[in-house]
Amino acid sequence: AAFDTVIRNGTVATASDTFKADVAIRQGRIAAIGEAITDADEIVDASGLLVLPGGIDSHVHISQPSGPGIVMADDFESATRAAAFGGNTFVMPYCLQEKGQPLRAALKDYHALAEQACYVDHSFHLIIADPSDSVLGQELPALVADGYSSLKIFMTYQDLALSDYEILGVLQVARETGALVQIHAENYDAIRFLTDRLERAGKIAPYYHGKSRPIAVEREATHRAISLAELIDVPIVIVHVSNREAMEEIRRAQTRGLKIHGETCPQYLVLTEEDMQGLNMEGAKYVCSPPPRDKASQEACWEGLQQGVFSLFSSDHCPFRYDDEAGKLTPKGRTSFRWVPNGIPGVETRLPILFSEGVGKGRISLNQFVAFTATNHAKTYGLKGKGSIAIGYDADIALWDPNKTAKISQSGLHHGSDYTPYEGIEITGWPVATMLRGKFVVRDGQLVGAKGSGRYVTRGKPGAVA
Ligand code: DUC
Ligand code: ZN
Ligand code: ZN
Ligand code: ZN
């Protein structure tokens, strides 16, 4: 036959168009898009389904060390399995450099963890914890040239927070090498001060996590990050934006012509700080940074998506088990929110939440959905040949039933966490199959892909992809 597989009678959506077409696949790539294509070894009927580029989640944490005695709930196998069930074909986890550690050594560890373990394709962002002279002068430029073309830096957290001087040094290397820098924008000293004050007042429950880092903490750091990027004249990504004030900082910068990318996440659209109010320690299930805010902040994040201030919608999947001394309920975590690990699972629920709450409720178009969940991630991070339904592109495809309804529930998910912060949310629109380079990974609710079929992919220069 002319083609290996053809997906027939579906409705194809890209970041710019929606049209009825058959999609034919040869050797893992999209080889033809047209009408009445039948000359294929396998014909997949997609009547009533949407044919979308597989989700690309450019912000996930997998197997990252998260403090003494704390273990992330997902390894590469379980995280990428959950990703595939959620309609994703690509994830970009982090490679965390420990202080004093060469970046190459850190990368060796993460590659070893991911090797032969993944159900979807992946690449790594480097977390620069120690911007020493050798890291900035030699290692980083060489790694960017090798396709590790993005990195994340932090303005908060002990052992991670960089000074403004250090941030400028990293941004200078990014400018010289073409790397793209993600910035976690929260004011470290403000959080430390407020945390100490809350603890002295006996306010130690998970709920006070939110009070330890109010909106001004994020807004100030966002403003400062943008200012530092402006000084070096280099693009940056402000990740996980939670509220209007930070969003408006980004908008103002964009209006001034600065190349500032904005990212928001499901937790800022559907959770609020009230969720951290649960009985006993239940609030810990929602502890992440920045924290979920209020209804007005949710509206602001929608506005950021609608108006293009945000171009990226990622999960910030950072999974811990709840009922577990190595997860949210460490003995220390019970003594103060300060010690509750920051992060929540979300790689499997990102697409259904944005589809249902966004496309289903008329807040964004189907084409915006595709842009926010796939196409923009590929473009922003220099991932070639992925993130769209187009001839020559990898056949990374999610088949969606736009009318399938079901509540999100832990029992239906495939991640390593023992809970989902999105329990009970009614969703209309679920992925029913996920295909990676022309082969089904998930089909009819079953995992059919082979462990290890997900590959490491080298990326090019951010923004250079058309
Ligand atoms: N930042 C993240 O990006 N993820 C989880 C925790 C954090 O602070
Ligand atoms: Zn962060
Ligand atoms: Zn400002
Ligand atoms: Zn994150």
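Trainee: Which residue follows H2, and what is the sign of its phi?
Mentor: H2 is followed by Gln-116, whose phi is positive, near 65°. This is a predicted model, in which local features need pLDDT of at least 70 and side-chain atom pairs count only at pLDDT 80 or more, while totals for chains, interfaces and linings use all residues. Residues are numbered from 1 along each chain as its sequence is written, while chains are lettered from A and ligands numbered from 1 in the order in which they are written.

Trainee: How far does H2 reach from its first C-alpha to its last?
Mentor: Helix H2 covers residues 103–114, twelve residues in total, and it reaches 17 Å, close to the 16 Å expected at 1.5 Å a residue (1.5 Å times one less than the number of residues). Helices here are DSSP runs of H or I with at least four residues, strands are runs of E with at least two, and both are numbered from the N terminus.

Trainee: Which residues of H2 are buried?
Mentor: Leu-103, Tyr-110 and Ala-114 are the buried ones (20 or more other C-beta atoms within 10 Å of a residue's own, with exposed meaning 12 or fewer, partly exposed in between, and C-beta atoms placed from the backbone). Seen down the axis of H2, these buried residues fall within an arc of 40°, so they line one face of the helix (the arc is that of the directions from the helix axis to the C-beta atoms). On the other side of H2, Ala-105, Lys-108 and Ala-112 are exposed.

Trainee: Switching topic, what surrounds ligand 1?
Mentor: The surrounding residues are His-61, His-184, Val-239, His-240, Cys-288, Ser-289, Asp-316, Cys-318, Asn-342 and Gly-343, where a residue is near if its C-beta atom, placed from the backbone, lies within 6 Å.

Trainee: Is Asp-316 buried or exposed?
Mentor: Asp-316 is buried, because 26 other C-beta atoms lie within 10 Å. Asp-316 sits in the loop between strand S14 (312–313) and helix H11 (350–359), and its phi is near 50°, a positive value in a residue other than glycine.

Trainee: And Asn-280, buried or exposed?
Mentor: Asn-280 counts as exposed, because it has 10 C-beta neighbours inside 10 Å. Asn-280 lies in the loop between H9 and H10, and its phi is likewise positive, near 50°.

Trainee: Where is Pro-290 found, then?
Mentor: Pro-290 is in the loop between helix H9 (267–270) and helix H10 (295–306). The peptide bond from Ser-289 to Pro-290 is cis, with omega near -10°, and Ser-289 is one of the residues that surround ligand 1.
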